[in-house]
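Please look through the sequence and the structure shown below, and then follow the paragraphs that take up its parts in turn.

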Amino acid sequence: DIREAGFPAGTVNILSGFGEIAGSAISTHMDVDKVAFTGSTSVGQIIMQDAATSNLKRVTLELGGKSPNIIFADADMDAAIAGAHFGLFFNQGQCCCAGSRVFVERSAYDEFLEKSVRAAKERVVGDPFNKGTQQGPQVSQEQFDTVMGFVNSGIHEGARLAAGGGRF
């Protein structure tokens, strides 16, 4: 809790809402001195423009995702795989902080790949309202097409598909 951490009232304000309404109001408001945003590059550009044309507020942007997981040979491999899968599959991978890249030390690669593929194949994909489902649908056809574009691009560039890669 912010108050338990000792921040004075009004020092930290966390606002959520749709970007076109809430985000625009925050990034253009003359009394807001700082905006921190995590999300897409295109929205980050809009926020930066709004900040520049209002009161030249300070802006911190974390854009585009692709947060890497780095796994060394001395890692607890089962825990590393569980963490990597959580980082990637959380919210169907539709989160700007999704751990969508994994760097594995060469000597641990085969073990990581074997166990990670097994875990991916065991993942329960389906109706998000069913208790046993671990992965629901993408948020939109556009997002699904984007994901499939990444899969197809990887295959075209020589990647070997070890699990999934298609519509369920």
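In this predicted model, a convenient place to begin is Lys115, which forms a salt bridge with Glu111, the closest N and O atoms being 3.1 Å apart. Both Lys115 and Glu111 belong to helix 4, where they stand 4 residues apart, or about one turn of the helix. As to their exposure, Glu111 has a relative accessibility of 37% and therefore counts as partly exposed, since that class lies between the limits of 20% for buried and 50% for exposed; Lys115, at 25%, is likewise partly exposed.

Lys115 has a further partner in Asp78, with which it forms a salt bridge whose closest N and O atoms are 3.4 Å apart. Here the two residues come from separate helices, Asp78 from helix 3 (residues 77–89) and Lys115 from helix 4 (residues 109–122), so the pair ties together parts that are 37 residues apart in sequence.

Helix 4 also holds the pair Arg118 and Glu114, whose side chains meet in a salt bridge with an N to O distance of 3.1 Å. Because Arg118 and Glu114 are 4 residues apart in helix 4, about one helical turn separates them. Arg118 is partly exposed at 41% relative accessibility, whereas Glu114, with a relative accessible area of 52%, is exposed. Through salt bridges that share partners, Asp78, Glu111 and Lys115 are joined into one network. The count of salt bridges in the model comes to 3.

From these charged pairs we may turn to the packing of helices. Helix 1 (residues 19–28) and helix 2 (residues 41–53) pack at an angle of about 35°, and their axes are 8 Å apart. Which residues bring helix 1 and helix 2 together? On the side of helix 1 they are Ser24, Ser27 and Thr28, and these meet Ile47, Asp50 and Ala51 in helix 2. Sorted by character, the residues of this contact divide into 2 nonpolar, 3 polar and 1 charged.

The surface offers another feature, a nonpolar patch formed by Ile2, Phe7, Val12 and Ile14, which together have about 360 Å² of accessible area. One of these residues, Ile2, lies in the segment before helix 1, and its relative accessible area of 34% makes it partly exposed. That value also fits the rule by which patches are made of residues with over 30% relative accessible area.

Beyond helix 2, the backbone at Leu56 deserves a careful look. Leu56 is found in the loop between helix 2 and strand 2 (58–63), and it has a positive phi of about 55° although it is not a glycine. Most residues other than glycine have a negative phi, which is why this position is worth examining in the model. With a relative accessible area of 65%, Leu56 is exposed.

The last stop is helix 5 (residues 141–156), where Val147 has its place. Is Val147 buried, partly exposed or exposed? Its relative accessible area is 30%, and Val147 is therefore partly exposed. Between Val147 and Gly126, which are 21 residues apart along the chain, the C-alpha atoms are separated by 17 Å.

Technical notes: Residues are numbered from 1 along each chain as its sequence is written. This is a predicted model: local features need pLDDT of at least 70, side-chain atom pairs count only at pLDDT 80 or more; totals for chains, interfaces and linings use all residues. Side-chain values use heavy atoms; hydrogens and water are left out. Axes are lines fitted to C-alpha atoms, for helices over the stretch in contact, and angles run from 0 to 180 degrees between N-to-C directions. Contact means heavy atoms within 4.5 Å. Ala, Val, Leu, Ile, Met, Phe, Trp, Tyr, Cys and Pro count as nonpolar, Asp, Glu, Lys and Arg as charged, and the others, Gly among them, as polar. Patches are made of residues with over 30% relative accessible area and no salt bridge: like charges are joined within 9 Å, nonpolar side chains (Val, Leu, Ile, Met, Phe, Trp, Tyr) within 5 Å. Accessible areas come from the Shrake-Rupley method with a 1.4 Å probe; for residues, only the protein chains shown count as cover. A salt bridge is a side-chain nitrogen of Lys or Arg within 4 Å of a carboxyl oxygen of Asp or Glu. Buried means under 20% relative accessible area, exposed over 50%, partly exposed in between (1.4 Å probe, protein chains only).
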